[in-house]
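I opened this model to see how its helices pack and where its backbone does something unusual. My notes follow, in the order I looked things up.

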Amino acid sequence: MINFLILPILIPLVTGVLLIFAAKRIMLQRWIAGISSVIAIIFSALLVQKVRARGIQTLDVSSWEAPFGITLVSDMMSALLVLTTSIIAFLCLIYSFWSIGEAREKFYYYAAFNFLIVGVNGAFTTGDIFNLFVFFEVMLMASYVLLVLGGKKAQLRESIKYILVNVISSALFVIAVAYLYSVVGTLNMAHISVRISEASQGTPPGIITVIAVLFLIVFGLKGAIFPLYFWMPGSYYAPPAPVLALFGALLTKVGVYSITRTYTLFFYHDTGFTHQLLSFLAIMSIIAGVIGAIAYWDIKKIIIYNIIIAVGAILFGVSAMTTDSLTGSIFYLIHDMIIKAALFLLAGIVIAIAGTSNLHKISGLIKRYPGLGWTFFISALALAGIPPLSGFVGKLLIVKGGFEAEHYWGAGIVLMSSLLVLFSIMKVFINGFWGTPRAYKGEDKVPVGKMLIAPVILVIIAVFYGVGSEYVYPYISQAAETLANPEIYIEAVLKEY
Amino acid sequence: MEILMAFVIGILFMSATYLMLSKSLLRIIVGTGLLSHGAHMLILTMGGLKKGAAPLLGENAPSYTDPIPQALILTAIVISFGVTAFFLVLAYRAYQELGTDNMDRMRGTEGND
């Protein structure tokens, strides 16, 4: 029994509770939040090492044995995602110190921030489908608070839509779990997988396919895949940069992780319909995202649409279901979390300087802020997947996996999309950073140097992640191994099977 | 009994959908409430309905109800209670700030072409 893997959930939870009591003392809040997230990073890094050395770690909460109680499971994929989450959380936190404003800090910003991390880490770690729902709700509740905090008109308006969409998708989640429970009679994910295998004997009954599609709708709504991303550009437009970075880097990725988990662990027997559908939706997401990213002249909107493209690329790799493509997907997933966080934080600095996110009204920033310009340039290249930066390896493996699975069209579109991603982000660079410098109102008050710390660290991580992919590869390939062979996961959780 | 419940759930979902498609914010919130009621009833039904048995896991009990759906519903009810309370407060605040509860008039984003 190792209690290690509950720490990335427990540390932010305790911190969040403490911070509620320290609400009016800003410096104290900053110190508590900062130190606790550093501790969380250390423990999640140790967890990754432990999973690397000893295989999948499990924890039966309150010692109720595996199929009966709630089990927390840390395989390599979830351990890596928890580590990435902790790092991004820490960097978004220090970025918040100089940008979020005293009013928000006094009204439970840091507490809500920590509860969001509880939900995200919990969703990555849990091995129980209903517990996943609960952690989703923890995460969503915190995200409602973060979205509406500040109470501007746009925020209130967008929060209503965001909450409505999420309430409906939560109800669908409960419905999908109820159906699944009536068919398999268990909630433990490994046990569900075993029961579905027993029930299917070659081809699964139709009801399993229905449940698979229901789960796709539920997680697709959170993860913003093709027909279900409609809420995202509006809702993500409203909150300030660090919150946006958290949402863009973490929330949608939880949906993507859940699709990956359920589609590789539960519904892998008959990939004919479900994975075809997933692959089609992934491709459509890429296309829809590319259209949005090219069409808009708004720096936030362009990056938000790039989230949809990345989600499509990752899910295309998942739908191909070869070890290569799964490795690529995990590689790309982690890359995307890092680089989206960096881009949103950089966009936040640009908006803070210029006072607008409209590209027509911004120009010549690189002259006065060379550091900002170059950081943005490198992260733009990384986003598009220029070798040797971090996006390259992931995309290469996804495309390779796509070719192996004979999805030539899909793999082609993933390749093509890289060019258009480069175009969309270069549009931001050329219009925003080149050209004649302008004077903006109130730009002297922006602490650009301090705000740059977090995105620069993120970009450095992204560069090392790409250049040092040789060292990262064993970890990722261990994660993909577990996804490609669900028996490893099942054995680790249920022991006697 | 399960058939009857299926109809009840269906009617709840139907009314919820109708309410959520209306323009008034309060009706939408009532709709989300009905939707989660429907979902909770569905969990109960999916666990199998039994008359007159307690959810106990006794060694020699002749019959007992499955306790898991009840535990799930309890959790789901608490969560939907919290979300509905938050949603109501948000709706009131939005009404104060925006001066309308009509969803038609909450469209678009200002300051953005």
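I began with α7(A) and α9(A), which are roughly antiparallel to each other. This is a predicted model, so everything here is read from a prediction. The two helices, α7(A) and α9(A) (residues 206-223), pack at an angle of about 155°, with their axes 9 Å apart. Angles over 145° count as roughly antiparallel, so that label fits α7(A) and α9(A). I also noted that α7(A) passes α9(A) in a left-handed crossing.

Next I listed who touches whom. From α7(A) I wrote down, among others, A:Val165, A:Leu172, A:Phe173 and A:Tyr179; on the α9(A) side the list includes A:Ile211, A:Phe215 and A:Lys222. Sorted by class, this contact has 16 nonpolar residues, one polar and one charged.

I then checked the length of α7(A). Its 32 residues, at 1.5 Å each, should span 46 Å, and the end C-alpha atoms are 46 Å apart, so the two agree. Right after α7(A) comes A:Gly185, with a positive phi near 70°.

Which element gives the most to the side of chain A that touches chain B? It is α7(A) again, with 17 residues. The whole contact takes 28 residues from chain A and 29 from chain B. On the chain A side, the elements giving two or more residues are α6 (129-148) and α7 (153-184). That side divides into 19 nonpolar, five polar and four charged residues.

Another helix pair: α11 (residues 241-265) and α13 (residues 299-320) of chain A. Their axes come within 11 Å and cross at roughly 20°, and α11(A) and α13(A) are therefore roughly parallel to each other. Their crossing is right-handed. The residues making this contact include A:Gly248, A:Val256 and A:Tyr263 of α11(A), and A:Ile304, A:Val311 and A:Val318 of α13(A). I sorted the contact of α11(A) with α13(A) by class too: nine nonpolar, three polar and no charged.

Then I went to α1 (residues 7-21) of chain A. Its 15 residues should span 21 Å at 1.5 Å a residue, and its end C-alpha atoms are 22 Å apart, which agrees. Among the buried residues of α1(A) are A:Pro8, A:Ile11, A:Pro12 and A:Leu19. The buried residues of this helix pack against α2 (26-54), α3 (76-99) and α5 (109-125) of chain A.

Now the backbone oddities. Most residues other than glycine have a negative phi, and most peptide bonds are trans. I found A:Ser63 with a positive phi of about 60°, though it is not a glycine. A:Ser63 lies in the loop between β1 (57-60) and β2 (71-74) of chain A. Buried or exposed, A:Ser63? A:Ser63 counts as exposed, because it has 8 C-beta neighbours inside 10 Å.

A:Ala224 also has a positive phi of about 60° and is not a glycine. A:Ala224 sits in the loop between α9 and α10 (232-235) of chain A. This residue is buried, with 28 other C-beta atoms within 10 Å.

I also found a cis peptide bond from A:Pro387 to A:Pro388, with omega near 5°. A:Pro388 lies in the loop between α16 (370-384) and α17 (390-404) of chain A.

My last entry is A:Ile461, in helix α19 (residues 448-467) of chain A. A:Ile461 counts as buried, with 21 C-beta neighbours inside 10 Å. A:Ile461 and A:Ser390 are 71 residues apart in sequence, and their C-alpha atoms are 9.0 Å apart in space.

Conventions: Residues numbered from 1 in each chain as written. Chains lettered and ligands numbered in written order. Predicted model: local features only at pLDDT ≥ 70, side-chain atom pairs only at ≥ 80, totals over all residues. Axes fitted to C-alpha atoms, helices over the stretch in contact; angles between N-to-C directions. Helix = DSSP H or I, 4+ residues; strand = E, 2+ residues; numbered from the N terminus. Parallel < 35°, antiparallel > 145°, perpendicular 65-115°, else oblique. Left-handed = near helix turned anticlockwise from the far one by under 90°. Contact = placed C-beta atoms within 7 Å. Nonpolar A, V, L, I, M, F, W, Y, C, P; charged D, E, K, R; others polar. Expected span 1.5 Å × (residues − 1). Buried ≥ 20, exposed ≤ 12 C-beta atoms within 10 Å, placed from the backbone.
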